[in-house]
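Please open the model in your viewer and follow the selections below in order, keeping a cartoon view at hand and adding side chains where the tour asks for them.

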Amino acid sequence: MNIDSIQNGIVIDHISAGQGMKLLTLLELDRGEESVAVIRNVHSQKMGKKDIIKIDADIAVNLDVIGYVDPDATVNVIKDGLLVEKKTIARPKTLTGVIRCKNPRCITTTEQELKHVFCLRDDGYRCMYCETKAE
């Protein structure tokens, strides 16, 4: 398979195999006007298999979302066909407005204006209000 290189944009690389589509959805790249390529199950010497997302536009991406889905991913910024910056991602301590609490008794269910906030705990992300674990 041959995927063209991009001249100006972002490449999200080293995504764990199978997580590319989840990342595409959470970053809302499936709703934009940009040209986006999701390459799944690419052979990788380091990881075995990986996913890659190429965005052919200079847009801002939420690094917290990437860190939530796969903190081992990297973000490469491309300008004029050259790599100008490579960002490593960390797992964010809090996630705001990225995922929704599934607990029907959570205050976010009745108080619609409250943002869904999840905090990183030892066992994963939990709702700040009711402590329900994120799926």
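**From the sheet to the cores**

Begin by selecting strand 1 together with strand 4 (residues 74-79), which pair in the antiparallel sense over 5 bridges; bear in mind throughout that this is a predicted model. Within this pair, pick out Val11, whose bridge partner in strand 4 is Asn76.

Next, widen the selection to the open sheet of 5 strands, where the order reads 2-3-1-4-5 and the pairing is antiparallel. At its edges you will find strand 2 (36-44) and strand 5 (82-88), each of which pairs on one side only. If you look across the sheet, neighbouring strands are turned against each other by 20° on average, direction ignored.

Now show side chains and turn to the largest nonpolar core, which has 27 residues, and in which Ile12, Leu23, Leu27, Ile55, Ile66 and Phe118 touch the most other members. At least two residues of this core come from each of strand 1 (9-16), helix 1 (20-26), strand 3 (48-55), helix 2 (63-69) and strand 8 (124-127). Which helix gives the most to this core? Select helix 2, which gives the most, with 4 residues. Apart from this core lies another, of 5 residues, including Ile6, Val11, Ile52 and Ile78, so named here that Val11, already met as the partner of Asn76, can be selected again.

Finish at Phe118 and display its surroundings: leaving aside residues up to four places away in sequence, Phe118 touches Lys93, Thr94, Leu95, Ile99, Arg100 and Cys101, and also Tyr125, Arg126, Cys127, Met128, Thr132 and Ala134.

How values were computed: Residues numbered from 1 in each chain as written. Predicted model: local features only at pLDDT ≥ 70, side-chain atom pairs only at ≥ 80, totals over all residues. Heavy atoms only, no water. Core = buried A, V, L, I, M, F, W, Y, C linked by side-chain atoms within 4.5 Å. Buried < 20%, exposed > 50% of the residue type's maximum accessible area, 1.4 Å probe, protein only. Contact = heavy atoms within 4.5 Å. Pairing = 2+ DSSP bridges. Axes fitted to C-alpha atoms, helices over the stretch in contact; angles between N-to-C directions.
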